[in-house]
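The exercises below are meant to be worked with the sequence and the 3D view side by side. Try each task before reading its solution.

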Amino acid sequence: MTSFLLTLWVAADPTAAGIMAKVAGNQERAEAQRLSVVYHQTVLARMHRGRNKLCREEYYEFQVLPTETGVEKERLVFRGKYEDEGKLHDYDEPHYEYKDLDVDGDIISDLVDSWTHDEDSKDGVDREQFPLTRDRQRQFEFKLAGQEKYNGRPVWKIVFTPKKGQEWDAFFSGEALIDVAEYQPVLVTTNQAKGIPLAVRVLLGTNIRQTGFKVTYQNFGEGLWFPVTYGGEFEVRVLFGYQRKISLSMKNRDVRRAKADSSIRYESTNP
């Protein structure tokens with residue numbers, strides 16, 4: 001029996017390129033499915049300065065509904081906090097400035113929007129962070145690092161690195177766990193593989209270091225795999241001493257297919 005299963009595995013010829021090509025095809029088909037999905041999304045963003053001192057925090061809850069071309073997000077809850085002289089103070093709208101030259105509010109609110117509201121995404125995940133689509137995969141080299149189990153299911157472990165000459169668009173490396181039976185990603189992690197080119201740092205006066213991103217997917221049946229957690233960290237350094245570490249955590253729950261005659265509302269939860 002073992003020999004028979006091994007023969008089938010070899011005959012399937014599971015190369016990294018072949019596996020990822022099937023993943024890309026599934027990602028394209030998933031776009032259509034996600035146009036019929038409604039879900040509840042929570043986002044928690046934190047900004048630290050100095051020795052890990054919290055200086056900003058923003059918490060959001062959204063109801064997310066499908067449209068013909070993407071999604072519509074209705075903000076249900078927002079809670080913000082800023083630090084001043086050792087104390088945390090509340091505010092109730094993004095981009096809040098409590099003093100002159102207070103850039104923290106714009107930076108953290110803009111990053112929440114850019115990380116979780118990609119106009120080309122149907123699930124809130126910034127697709128540029130993970131080489132899953134066909135176009136994105138062209139910028140990376142893939143290597144099959146074996147087979148293991150994740151949450152009780154067999155998965156392939158795929159390691160990816162940027163191709164030479166892709167410094168501008170593919171500056172991270174990482175690994176992806178791909179479900180063996182369905183060729184769907186279940187966990188993808190990335191880390192910055194290269195620094196931002198010197199010319200860019202000089203032009204912007206900024207040095208950004210990505211310290212890692214991660215996304216996990218869950219199977220909701222009938223071929224619907226949907227991201228349920230997504231998060232990452234950046235370190236930002238600007239000329240004249242500005243330095244911040246920013247972390248973001250996003251969760252999608254109550255994922256379901258929409259019904260034409262349904263009206264869906266959610267109760268808020270605490271972060």
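The protein has 5 helices and 11 strands, where helices (H or I, at least four residues) and strands (E, at least two) are DSSP runs numbered from the N terminus. This is a predicted model, in which local features need pLDDT of at least 70 and side-chain atom pairs count only at pLDDT 80 or more, whereas totals for chains, interfaces and linings use all residues. Residues are numbered from 1 along each chain as its sequence is written, and side-chain values use heavy atoms, with hydrogens and water left out.

**Exercise 1. The whole chain**

Task: State what percentage of the residues of the protein count as buried, and what percentage of the contacts between residues at least 6 apart in sequence join residues at least 24 apart.

Solution: Begin with the cut-offs: buried means under 20% relative accessible area, exposed means over 50%, and partly exposed lies in between (1.4 Å probe, protein chains only). On that scale, 45% of the 271 residues count as buried. Next, take contact to mean heavy atoms within 4.5 Å. Among the contacts between residues at least 6 apart in sequence, 55% join residues at least 24 apart.

**Exercise 2. Two helices**

Task: Compare the end-to-end reach of helices H3 and H2 with the expected span, and find where the buried residues of H3 lie around its axis.

Solution: The expected span of a helix is 1.5 Å times one less than its number of residues. Helix H3 (residues 104–116) has 13 residues and reaches 18 Å from its first C-alpha to its last, close to the 18 Å expected. For H2, the 19 residues should span 27 Å, and the end C-alpha atoms are 26 Å apart, which agrees.

Now list the buried residues of H3, which are Asp-104, Gly-105, Ile-108, Ser-109, Leu-111, Val-112, Trp-115 and Thr-116. Seen down the axis of H3, these buried residues fall within an arc of 160° (taken from the directions from the helix axis to the C-beta atoms), so they line one face of the helix. An α-helix has 3.6 residues a turn, so residues three or four places apart point the same way. In H2, the buried residues include Ala-16, Met-20, Ala-24, Gln-27 and Arg-34.

**Exercise 3. The cavity**

Task: Which residues lie nearest the centre of the largest cavity, and which helix gives the most to its lining?

Solution: A cavity is a set of points, on a 1 Å grid over the protein atoms alone, where a 1.4 Å probe fits but cannot get out, and its lining residues have an atom within 4 Å of a point. The structure holds 1 cavity of 30 Å³ or more. About 130 Å³ of space lies in the largest cavity, a volume being the space filled by probe spheres set on the points, with grid points joined across faces, edges and corners. Of its 13 lining residues, Gln-27, Arg-127, Leu-132, Thr-133 and Tyr-217 lie nearest the centre. Helix H2 (residues 16–34) gives the most to the lining, with 3 residues.

**Exercise 4. Residues in their surroundings**

Task: For Gln-137, Arg-75 and Leu-187, decide whether each is buried, partly exposed or exposed, and then name its contacts beyond four places in sequence.

Solution: Gln-137 lies in helix H4 (residues 134–137) and counts as buried because its relative accessibility is 11%. Its contacts are Met-20, Ala-21, Ala-24, Pro-131, Leu-132 and Phe-142.

Arg-75 belongs to strand S3 and is partly exposed, with a relative accessible area of 35%. Arg-75 touches Tyr-60, Glu-61, Phe-62, Asp-92, Glu-93 and Pro-94; between Arg-75 and Phe-62, 13 residues apart in sequence, the C-alpha to C-alpha distance is 4.5 Å.

Leu-187, in strand S8 (residues 185–192), counts as buried at 15% relative accessibility. Its contacts are Tyr-150, Glu-175, Ala-176, Leu-177, Lys-214, Val-215 and Thr-216.

**Exercise 5. Positive phi**

Task: Where do Glu-85 and Asn-151 lie, and is each buried or exposed?

Solution: Glu-85 sits in the loop between strand S3 (71–84) and strand S4 (87–91), has a positive phi of about 55° although it is not a glycine, and counts as exposed at 75% relative accessibility. Asn-151 is in the loop between strand S5 (140–150) and strand S6 (153–162); its phi is positive, about 50°, although it is not a glycine, and at 71% relative accessibility Asn-151 counts as exposed.

Key: 1 Å grid on protein atoms, 1.4 Å probe; cavity = no way out; pocket = protein on both sides within 12 Å on 5 of 7 lines; lining within 4 Å.
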